[in-house]
Amino acid sequence: MTVRIKLPGGTLKMKVYRELRERERARRIPVLKMGSLYFTWWSSRQRPFSQRTCLSAVDSSAREVL
């Protein structure tokens with residue numbers, strides 16, 4: 001069973017390994033293991049998927065203007 005703790009900057013979740021999502025298992029988000037429990041942090045801030053994606057979008061729009 002997952003325990004969720006809502007905090008001002010996001011949500012702290014406490015899970016066992018079988019409940020982890022792929023992003024959590026791959027450590028693409030902050031994860032802390034203590035014994036058999038995993039603590040994960042899901043930020044409420046919106047972030048771009050990747051810097052490269054954002055830069056390529058800006059590059060393509062700049063080319064269209066020129």
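The accessible surface of the protein amounts to about 5700 Å², and carbon and sulfur atoms contribute 57% of that area. The model is a predicted one. Of the 66 residues in the protein, 15% count as buried.

The secondary structure comprises two helices and four strands. Read from the N terminus, these elements follow the order β-β-α-β-β-α. As for contacts along the chain, among those with a separation of 6 or more, 31% join residues that lie 24 or more positions apart.

The path through the structure may begin at strand S1, which spans residues 3-7 and includes isoleucine 5. The relative accessible area of isoleucine 5 is 42%. Since buried requires a value under 20% and exposed a value over 50%, isoleucine 5 is therefore classed as partly exposed. Isoleucine 5 also takes part in a nonpolar surface patch of about 390 Å², together with Met1, Val3 and Leu7.

A surface patch of another character is positive and consists of Arg4, Lys6, Arg21, Arg23 and Arg28. One of its members, arginine 21, is located in the loop that connects strand S2 (10-16) to helix H1 (22-25).

Helix H1 also contains arginine 25. With a relative accessible area of 34%, arginine 25 is partly exposed; this assignment follows because 34% falls between the limits of 20% for buried and 50% for exposed. When neighbours within four places in sequence are set aside, the contacts of arginine 25 are with Tyr17, Arg18 and Leu20. Tyrosine 38 stands 13 residues away from arginine 25 in sequence, and the C-alpha atoms of the two are separated by 9.8 Å.

The charged side chains also provide a salt bridge, and the structure holds one. Its partners are glutamate 24 and lysine 15, whose closest N and O atoms are 3.1 Å apart. A salt bridge calls for a side-chain nitrogen of Lys or Arg within 4 Å of a carboxyl oxygen of Asp or Glu, and the pair of lysine 15 and glutamate 24, at 3.1 Å, therefore qualifies. Both of these residues are buried, whereas arginine 25 is partly exposed.

In summary, the elements run β-β-α-β-β-α, the surface carries a nonpolar patch that includes Ile5 and a positive patch that includes Arg21, and glutamate 24 is joined to lysine 15 by a salt bridge.

Conventions
Residues numbered from 1 in each chain as written. Predicted model: local features only at pLDDT ≥ 70, side-chain atom pairs only at ≥ 80, totals over all residues. Heavy atoms only, no water. Patch = residues over 30% accessible without salt bridge, like charges linked within 9 Å, V, L, I, M, F, W, Y side chains within 5 Å. Areas by Shrake-Rupley, 256 points an atom, 1.4 Å probe, with all protein chains shown as cover. Buried < 20%, exposed > 50% of the residue type's maximum accessible area, 1.4 Å probe, protein only. Lys, Arg positive; Asp, Glu negative; His and termini not counted. Charge placed at Lys NZ, Arg CZ, Asp CG, Glu CD. Contact = heavy atoms within 4.5 Å.
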